[in-house]
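Thanks for coming. I'll go through one model today, strand by strand, and then look at the core, the pocket and a few loop residues.

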Amino acid sequence: QVQLVESGGGLVQPGGSLKLSCAASGTIFSLCHVAWYRQAPGKQRELAARLTNIGSTNYADSVKGRFTISRDNTKNTVYLQMNSLKPEDTAVYYCHAQCTFVKITEDYWGQGTQVTVSS
């Protein structure tokens, strides 16, 4: 069974930085596309950043230039470095993996980690 476990969330002041981590188990992680989604109170879940298994990235316009997604396949871990944080970045951040094995695609989600940006 595939499991994704996020860590690194917390309370940070505006302008500050946080680095989220997502550790995966139970899969050939290097074959998966990975992403970070976020969901603010009263809003729909939205894509923040995505990194494919061949290294292509895309970011939401609202985080471009401030957030960086990366991965370490030797550690089965994906990261989200968040800089210049704003109050509107406050949300629960979810790790997502989309893995295809033998033409079958599965989606996996972590449990989420809270990020609060406030003075």
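A word on terms before the loops come up: strands here are DSSP runs of E, at least two residues long, numbered from the N terminus. In that numbering, lysine 103 sits in the loop between E9 and strand E10, which spans 104-109. What you see is a predicted model.

Keep lysine 103 on screen for a moment. Its phi is positive, about 70°, although the residue is not a glycine. Is lysine 103 buried or exposed? The relative accessibility is 84%, and the cut-off for exposed is over 50%, so lysine 103 counts as exposed.

Now the sheet. Four strands form an open sheet, in the order E1-E3-E8-E7, with antiparallel pairing. Which strands stand at the edges? They are E1, residues 3-7, and E7, residues 67-72. Each of the two has a single partner strand, so one side of each is left without a neighbour in the sheet. On average, neighbouring strands of this sheet are turned by 15° against each other, with direction ignored.

Take the E1 edge. E1 pairs with E3 in the antiparallel sense, over 5 bridges. Across that pairing, valine 5 stands opposite alanine 23 in E3. E1 also has two faces: Leu4 and Glu6 are on the covered one, while Gln3, Val5 and Ser7 are on the uncovered one. So valine 5, the residue opposite alanine 23, belongs to the uncovered face.

At the other edge, E7 pairs with E8, residues 77-82, again in the antiparallel sense, and here there are 6 bridges. Isoleucine 69 stands opposite leucine 80 in E8. The loop between E7 and E8 holds asparagine 76. Asparagine 76 is another residue other than glycine with a positive phi, in this case near 50°. With a relative accessible area of 22%, asparagine 76 is partly exposed; the cut-off for buried is under 20%.

Next, two hairpins that share E5. The first joins E4, residues 33-39, to E5, residues 46-51. These two strands run antiparallel and are joined by 5 bridges. Arginine 38 has glutamate 46 in E5 as its bridge partner. Between the strands there are 6 residues, and glycine 42 in the turn has a positive phi of about 75°.

The second hairpin is E5 with E6, residues 57-59, which run antiparallel and are joined by 3 bridges. Leucine 51 stands opposite threonine 57 in E6. This hairpin has 5 residues between its strands, and glycine 55 takes a positive phi near 95°.

On to the core. In soluble globular proteins, nonpolar side chains tend to be buried together. Here, the largest nonpolar core has 30 residues. Which of them have the most contacts inside it? Those are Trp36, Val78, Leu80, Met82 and Tyr93. Several strands each supply at least two residues, among them E3, E4, E5, E7 and E8. E9 gives the most, with 5 residues. Note that Leu80 appears here as one of the residues with the most contacts, and also as the residue opposite isoleucine 69.

Now the empty space. Rolling a probe the size of a water molecule over the atoms shows where such space is left. The largest pocket contains about 190 Å³. Its lining is made of 14 residues, and Arg38, Ala40, Lys43, Glu46 and Glu88 lie nearest the centre. Arg38 and Glu46 are the bridge partners from the E4 and E5 pairing. By class, the lining has 4 nonpolar, 4 polar and 6 charged residues.

Two loop residues to finish. Proline 14 is in the loop between E2, residues 10-12, and E3. Proline 14 is partly exposed, at 41% relative accessible area. How far from proline 14 is aspartate 89? The two are 75 residues apart in sequence, and their C-alpha atoms are 9.5 Å apart in space.

Lysine 86 is in the loop between E8 and E9. Lysine 86 is partly exposed too, with a relative accessible area of 34%. Lysine 86 and glutamine 44 are 42 residues apart along the chain, and their C-alpha atoms are separated by 18 Å.

That is the tour.

Terms used
Residues numbered from 1 in each chain as written. Predicted model: local features only at pLDDT ≥ 70, side-chain atom pairs only at ≥ 80, totals over all residues. Heavy atoms only, no water. 1 Å grid on protein atoms, 1.4 Å probe; cavity = no way out; pocket = protein on both sides within 12 Å on 5 of 7 lines; lining within 4 Å. Points joined across faces, edges and corners; volume = space filled by probe spheres on them. Nonpolar A, V, L, I, M, F, W, Y, C, P; charged D, E, K, R; others polar. Pairing = 2+ DSSP bridges. Axes fitted to C-alpha atoms, helices over the stretch in contact; angles between N-to-C directions. Core = buried A, V, L, I, M, F, W, Y, C linked by side-chain atoms within 4.5 Å. Buried < 20%, exposed > 50% of the residue type's maximum accessible area, 1.4 Å probe, protein only.
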